[in-house]
Amino acid sequence: MQERKLKADFIFDGQRLLKDTVLVLKADGTVLDLVGANTLDDTLVESLDGILSPGFVNAHCHLELSHLKSAIETGTGLPGFVSQVMRLRHFDKVEILAAIAEAETEMWQSGIQAVGDICNTTDTLAQKQNSPIHYRNFIECLGFLPEQAGARFEYARQKVWAPMFAQNPATTLVPHAPYSVSGALLGKINEALKDIPKAHDRIVTMHNQESAPENAFFQQGTGAFIDFYRQLGSDISFYNPTGKTSLQSVLPYITTAQVVLLVHNTFTSRVDVEFACEQAARLGQSIFYVLCPGANLYIEKRLPDITMLLETGVPIALGTDSLASNHQLSIAREMGYLLNAYPHLGKEQLLSWATYNGARALGFEDKLGLLATGKKPGILLLSEGLDTVRRIA
């Protein structure tokens with residue numbers, strides 16, 4: 001059996017930066033061991049400059065929107081961004097599929113080994129069929145009018161979930177966002193999770209507090225989302241604000257999920273985090289906060305309160321969002337955005353978010369995210385500044 005023995009300035013094993021360590025791999029990239037450098041003959045070891053790391057995990061992406069790259073101006077705010085996405089429906093299917101293929105190649109080349117992908121269509125189905133990337137598909141349900149809950153749920157289940165699930169059982173029905181899903185539709189999603197036989201696969205993701213108007217909509221019944229529904233011609237006269245933030249209003253509907261991924265969190269407060277922690281402790285849930293800084297800067301020109309999230313000790317993972325709301329699909333670039341705004345962040349911290357935490361969030365920690373015996377997590381060589389990536393295995 002042919003083996004590779006790799007040494008670099010540092011090896012990041014998914015949790016810690018190790019020095020004077022050699023990574024031993026099978027020819028197919030499976031990890032055999034991590035051993036002390038002084039135990040091996042140097043002539044048998046490949047020496048590299050930089051940091052060896054497991055492959056990255058993109059915990060939040062919309063691959064199917066790749067054709068919208070540069071189609072939406074920056075700084076629109078979330079309601080304006082959503083409106084533009086809804087209007088841009090004139091693209092040819094050939095163009096959409098070509099953009100998906102190009103974007104997926106970009107992700108693989110940038111070191112991404114697994115993706116939590118949001119799907120409203122089956123446009124990515126063919127591309128994923130023979131992909132080297134591990135996918136967990138999140139089939140989004142949308143519909144704020146209670147009377148439409150049944151029809152919207154069945155459409156998502158039959159037209160998108162069923163064909164995607166047939167190809168990849170790591171496929172779940174999930175809510176889009178608090179402002180776009182009724183309580184009735186949330187109830188149907190929550191019930192559907194009970195049908196998933198393995199609790200480990202009961203994973204829900206939701207866009208959370210991406211904009212200030214989202215909280216205003218729930219707390220006071222005011223703001224840009226009132227105008228958004230008026231422009232859609234939707235009668236929401238039934239709606240009564242809860243007087244609570246969007247997260248505190250909606251999270252109690254999600255009781256059967258084993259794992260909840262809260263994505264963006266640009267306007268999430270410490271009180272919101274404490275509320276979510278209390279629910280997680282009560283229900284035995286794991287809640288991950290997925291950060292997509294490139295998209296936050298693109299849409300709202302603002303980042304989440306990273307300092308507060310660190311102080312609360314909640315688990316964090318990283319995502320890219322879509323090419324409609326980002327300039328590239330690169331986890332290395334997402335780490336760069338965070339380092340630029342928060343220079344005190346440590347490399348171990350950022351890399352753990354990009355690897356092991358992402359694998360845990362998507363339920364792939366049994367095979368990805370760690371340099372541990374028997375795992376095949378992908379092997380990357382990173383520059384010391386974490387800004388360049390080369391795939392080794």
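Here is a short chat about the pocket, a helix pair, a cavity and one loop residue in this structure.

Q: Before we start, what kind of model is this, and how are residues numbered?
A: It's a predicted model, where local features need pLDDT of at least 70, side-chain atom pairs count only at pLDDT 80 or more, and totals for chains, interfaces and linings use all residues. Residues are numbered from 1 along each chain as its sequence is written, and side-chain values use heavy atoms, with hydrogens and water left out.

Q: OK, how much space lies in the largest pocket?
A: About 1200 Å³. On a 1 Å grid over the protein atoms alone, a pocket is an open set of points with protein on both sides within 12 Å along at least five of seven lines, while a cavity is a set where a 1.4 Å probe fits but cannot get out. A volume is the space filled by probe spheres set on the points, which are joined across faces, edges and corners.

Q: Which residues lie nearest the centre of that pocket?
A: Val 85, Met 86, Arg 89, Asn 120 and Leu 142, out of 45 that line the pocket. Lining residues have an atom within 4 Å of a point. Elements giving two or more residues to this lining include α1 (78-87) and β10 (134-141). Helices (H or I, at least four residues) and strands (E, at least two) are DSSP runs, numbered from the N terminus.

Q: Switching topic: at what angle do α4 and α5 pack?
A: About 40°, with the axes 8 Å apart. Axes are lines fitted to C-alpha atoms, for helices over the stretch in contact, and angles run from 0 to 180 degrees between N-to-C directions. That makes α4 oblique to α5, since under 35 degrees is roughly parallel, over 145 roughly antiparallel, 65 to 115 roughly perpendicular and the rest oblique.

Q: Which residues meet there?
A: From α4 you have Ala 149, Gly 150, Arg 152 and Phe 153, meeting Ala 184, Leu 185, Lys 188, Ile 189 and Ala 192 of α5. Contact means heavy atoms within 4.5 Å.

Q: And how many cavities of 30 Å³ or more turn up?
A: Just 1 in a search of the whole structure. The largest cavity holds about 30 Å³, and its lining includes Pro 175, Ile 189 and Tyr 253. Helix α5 gives the largest share of that lining, 4 residues.

Q: Last one: where is Asp 20 found?
A: In the loop between β3 (17-18) and β4 (21-26). Asp 20 touches Val 35, Gly 36 and Ala 37, leaving out residues up to four places away in sequence.
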